[in-house]
Amino acid sequence: MDSRVTIGEYALREKELQRHVAELESVLDRTAAQCGQAEMASATCRKLAEERNSQLQATLDVAQARIQRLEDDNYRVQQELAMEKEQTAAQLKDVKGLLEAAYSAKLKQALSDAALWKQKADEAQAICNDLFAVIERSTTCAASRLFGTQ
């Protein structure tokens, strides 16, 4: 066997190598294209993620501002309720004082009226007693005269 390569074999091997090189170049081109597409997709995803993150941050900022407003409103309402409670308690105390004063005045008036009516009743009773005494003496006197006894 002759270890020498003939020109025909060499040409065949060269064509086969060229075909392999062309296949490898094609694979390399496809891989480069896919890498380019992947980089573009990655950049697009990054851009979309940044936009979404920005939107979410804006939504979060709005929500936090709303929560702060609600907390401020709640604090203000609690303060107003505390003031109204104090005012209502003071008003109730004033009304209680007025009612007690009115009750006391009415009670004093009623006691005064009762004392006056008792005095008038006592006076009427005294007048009735005097009248009964006069009637009794008159009756006794008239009976004595009538029956002749004194």
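Reader: Which residues are linked in a network of salt bridges?
Author: Asp-73, Arg-76 and Glu-80 are linked in such a network. A salt bridge is a side-chain nitrogen of Lys or Arg within 4 Å of a carboxyl oxygen of Asp or Glu. This is a predicted model: local features need pLDDT of at least 70, side-chain atom pairs count only at pLDDT 80 or more, and totals for chains, interfaces and linings use all residues. Residues are numbered from 1 along each chain as its sequence is written, and side-chain values use heavy atoms, with hydrogens and water left out.

Reader: Where do Arg-76 and Asp-73 lie?
Author: Both lie in helix 1, three residues apart, which is about one turn of the helix. Their side chains meet in a salt bridge of 3.8 Å, N to O. Helices are DSSP runs (H or I, at least four residues; strands are E, at least two), numbered from the N terminus.

Reader: Are Arg-76 and Asp-73 buried or exposed?
Author: Arg-76 counts as partly exposed at 42% relative accessibility, and Asp-73 is partly exposed at 36%. Partly exposed lies between buried (under 20% relative accessible area) and exposed (over 50%), with a 1.4 Å probe and protein chains only.

Reader: How many salt bridges are there?
Author: The count comes to four. Among them, Glu-23 pairs with Arg-19, their closest N and O atoms being 2.9 Å apart. Glu-23 and Arg-19 are four residues apart in helix 1. Glu-23 is partly exposed at 40%, as is Arg-19 at 44%.

Reader: What about Lys-118 and Asp-122?
Author: Their side chains meet in a salt bridge of 3.0 Å, N to O. Both lie in helix 1, four residues apart. Lys-118 is exposed, at 51% relative accessible area, whereas Asp-122 is partly exposed, at 42%.

Reader: New topic. How many helices and strands does the protein have?
Author: The protein has one helix and zero strands. Helix 1 covers residues 7–147, and its 141 residues should span 210 Å at 1.5 Å a residue; the end C-alpha atoms are 197 Å apart, which agrees. The expected span is 1.5 Å times one less than the number of residues.

Reader: What comes just after helix 1?
Author: Gly-148 comes there, with a positive phi of about 80 degrees.

Reader: What box do the C-alpha atoms fill?
Author: They fill roughly 205 × 30 × 20 Å, taken along the principal axes. Buried residues make up 1% of the 150 residues. One buried residue is Ser-144, at 14% relative accessible area, and Ser-144 lies in helix 1.
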